[in-house]
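Work through the exercises below with the sequence and the 3D structure at hand, and try each task before reading its solution.

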Amino acid sequence: MRVAIAGAGNVGRSIAQELIENGHQVMLIERKPKMLRPERVPAAEWILADACELASLEEADIATCDVVVAATGDDKVNLVVSLLAKTEFAVPRVVARINRAENEWLFTDQWGVDVAVSKPRVMAALVEEAVTVGDLVRLMTFRQGEANLVEITLPPTAPYVGHPIHAVPLPRDSALVAILRGKRVLVPTPDDPLEAGDELIFVCTAEVEDEVRKVVLGPDSVERTRNTK
């Protein structure tokens, strides 16, 4: 892919390095001369320009990019970059960084954002995932809220511990995509038995999250969880 990243701070450079190592072509756009450090990511194309200006994006040939990443530390800038990339240059995929949790509601397709990544939300989810057993933890949201990546760590009392996966009556619009068991990552097959302590990773819509919780943890799990929060 050809990827343009607006913002060459620590976050932008880290994303660029990762993408380059995965074989992609990366362009870093930075408006502050002191932040222009090509030696940090020498394999990237570096451009000194303001990504909020239409002329700068035209000169950078943004329309040829498969993905634009708005990765600056300013939410206003990230929204403007996203909107221009999508509406003026029809970039297929726009990913935006959210710096302040209270601004999360703005990062929608109306501003040209396909995927919004909130550092506070991701960090909170990782904390919950690390310490929560017997509840559903939302790790990530896809496609503007149409689907979520969620995790459930099975307690010994879960109704399907010891049962094969095919016996678990999951609702529509949900799928068990991985099982983390100790240091192993298992691709689920219908005959695999579930064990206490398994971390189950699902993709499901928000509408069926409570149903997934009820099936995997028991019919009273939703009410029990709400009463303890």
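**Exercise 1: the surroundings of a helix**

Find the strands against which the buried residues of H1 pack.

Solution. In this predicted model, the buried residues of H1 pack against three partners, namely strand E1 (2-6), strand E2 (25-30) and strand E3 (45-48).

**Exercise 2: the two faces of H1**

Determine which residues of H1 are buried, and where they lie around the axis.

Solution. Begin with the cut-off, under which a residue is buried when its relative accessible area is under 20%. In H1, this applies to Gly12, Arg13, Ala16, Leu19 and Ile20. These residues cover an arc of only 130° around the axis, and therefore they lie on the same side of H1. The general background is that an α-helix has 3.6 residues a turn, so residues three or four places apart point the same way. Turn next to the face of H1 directed away from the buried side, where the exposed residues Asn10 and Glu21 are found.

**Exercise 3: the length of H1**

Check the span of H1 against the value expected for its residues.

Solution. Helix H1 comprises the 12 residues 10-21, which at 1.5 Å a residue should span 16 Å. The C-alpha atoms at its ends are 17 Å apart, which agrees with that expectation. Just after H1, Gly23 adopts a positive phi of about 90°.

**Exercise 4: confidence in the model**

Decide how the predictor's confidence is distributed over the chain.

Solution. The average pLDDT of the chain is 88, and 89% of the residues score at least 70. Over residues 225-229, however, the pLDDT is below 50, and beyond near neighbours in sequence this stretch has 4 contacts in the model.

Methods:
Residues numbered from 1 in each chain as written. Predicted model: local features only at pLDDT ≥ 70, side-chain atom pairs only at ≥ 80, totals over all residues. Heavy atoms only, no water. pLDDT = per-residue confidence, 0-100. Contact = heavy atoms within 4.5 Å. Helix = DSSP H or I, 4+ residues; strand = E, 2+ residues; numbered from the N terminus. Expected span 1.5 Å × (residues − 1). Buried < 20%, exposed > 50% of the residue type's maximum accessible area, 1.4 Å probe, protein only. Arc of directions from axis to C-beta.
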